[in-house]
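Please open the model in your viewer and set it to a cartoon view, with side chains hidden for now. The tour below moves from one selection to the next and says what is to be found at each stop.

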Amino acid sequence: MSHIAIIPGSLRKESYNRRLARAIAHLPSTEGHSFEVVEIGDLPLYDQDTDSHQPEPARRLKERIRAADGVIFVTPEYNRSIPGVLKNAIDHGSRPYGDSCWGGKAAGVLGVSPGISGTAMAQQHLRNVLVSLNMPPLQQPEVFLKWSDDLVDGDGRVGKDHHDLLDRWMKAFLAHVERHKDAEIPQFRQK
């Protein structure tokens, strides 16, 4: 079975996306798989001057991603893109050049927002970044969620109205991880 890292793209303790990130790890399709929410709030702003001696939170992030078979990004949408804190984590994990923890990891992208279009723009921007990281993203199904108080119930589980949709997404994602888990993904390095 697979070990999956889940990265919430929001720092707020009870953000919609953090709540969703915790809840999806308990869907029926997750049985037998392990999930770890990877925190990114302690990362300093990325500074290329630290590439030769990365800060401890960046090293820890990279260890956790390297130990995972796949990564789920659960991102809010800020100003029609991904939050700076998520981009900062991605940058830390991809540096120094040639030492990225992301390459070849199967990726899934979800998000929830109070707005009608969910996180459609943020997800598209994140998918563009994933191409640069050499992370094969799950293409379909796409899920754009508008927050409602029944999305995550009082026990921290996906609510019944969204349960089947998110469980189908998770099944597709876990199959995607299995297809890519042992694949030889070439890593390219410019000289």
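What follows is a walk through a predicted model, beginning with the sheet and ending with a pair of helices.

**The sheet.** Select the four strands together, and you will have an open sheet whose order is 2-1-3-4, with parallel pairing. Its edges are strand 2 (34-37) and strand 4 (106-110), each of which pairs on one side only, and from one strand to the next the twist averages 20°.

**Strands 1 and 2.** Now restrict the selection to strand 1 (residues 3-8) and strand 2, which run parallel and are joined by four bridges. To look at a particular position, pick Ile 6, whose bridge partner in strand 2 is Val 37.

**Strands 3 and 4.** Move to the other edge of the sheet, where strand 3 and strand 4 pair in the parallel sense over five bridges; here Val 74 has Leu 110 of strand 4 as its bridge partner. If you add helix 3 to this selection, you have strand 3, helix 3 and strand 4, which make a right-handed β-α-β unit.

Is strand 4, as an edge strand, covered or uncovered? Strand 4 is mostly covered, with five of its five residues buried. Show its side chains to see that Ala 106, Gly 108 and Leu 110 are buried on one side, while Ala 107 and Val 109 are buried on the other.

**Helix 5 across the sheet.** Next select helix 5 (residues 160-181), which lies across strand 1, strand 2, strand 3 (70-74) and strand 4, and which runs at about 160° to strand 4.

**Ala 21.** Turn to helix 1 (residues 16-24) and pick Ala 21 within it. Ala 21 has a relative accessible area of 0% and is therefore buried. Beyond its neighbours within four places in sequence, Ala 21 is in contact with Ile 6, Pro 8 and Val 74. A distance label drawn between the C-alpha atoms of Ala 21 and Gly 9, which are 12 residues apart along the chain, should read 9.5 Å.

**Helices 3 and 4.** Finally, select helix 3 (residues 84-94) with helix 4 (residues 120-133): their axes are 12 Å apart, and the two helices pack at an angle of about 5°, so that helix 3 is roughly parallel to helix 4. Show the side chains of Leu 86, Ile 90 and Ser 94 on helix 3 and of Leu 126, Val 129 and Leu 133 on helix 4, since these residues make the contact. Of the residues in this contact, five are nonpolar, one is polar and none is charged.

Conventions. Residues are numbered from 1 along each chain as its sequence is written. This is a predicted model: local features need pLDDT of at least 70, side-chain atom pairs count only at pLDDT 80 or more; totals for chains, interfaces and linings use all residues. Side-chain values use heavy atoms; hydrogens and water are left out. Axes are lines fitted to C-alpha atoms, for helices over the stretch in contact, and angles run from 0 to 180 degrees between N-to-C directions. Angles under 35 degrees count as roughly parallel, over 145 as roughly antiparallel, 65 to 115 as roughly perpendicular and the rest as oblique. Contact means heavy atoms within 4.5 Å. Ala, Val, Leu, Ile, Met, Phe, Trp, Tyr, Cys and Pro count as nonpolar, Asp, Glu, Lys and Arg as charged, and the others, Gly among them, as polar. Two strands pair if DSSP finds at least two bridges between them. Buried means under 20% relative accessible area, exposed over 50%, partly exposed in between (1.4 Å probe, protein chains only). A crossover is right-handed if, with the strands pointing away from the viewer, the path from the first strand over the helix to the second runs clockwise.
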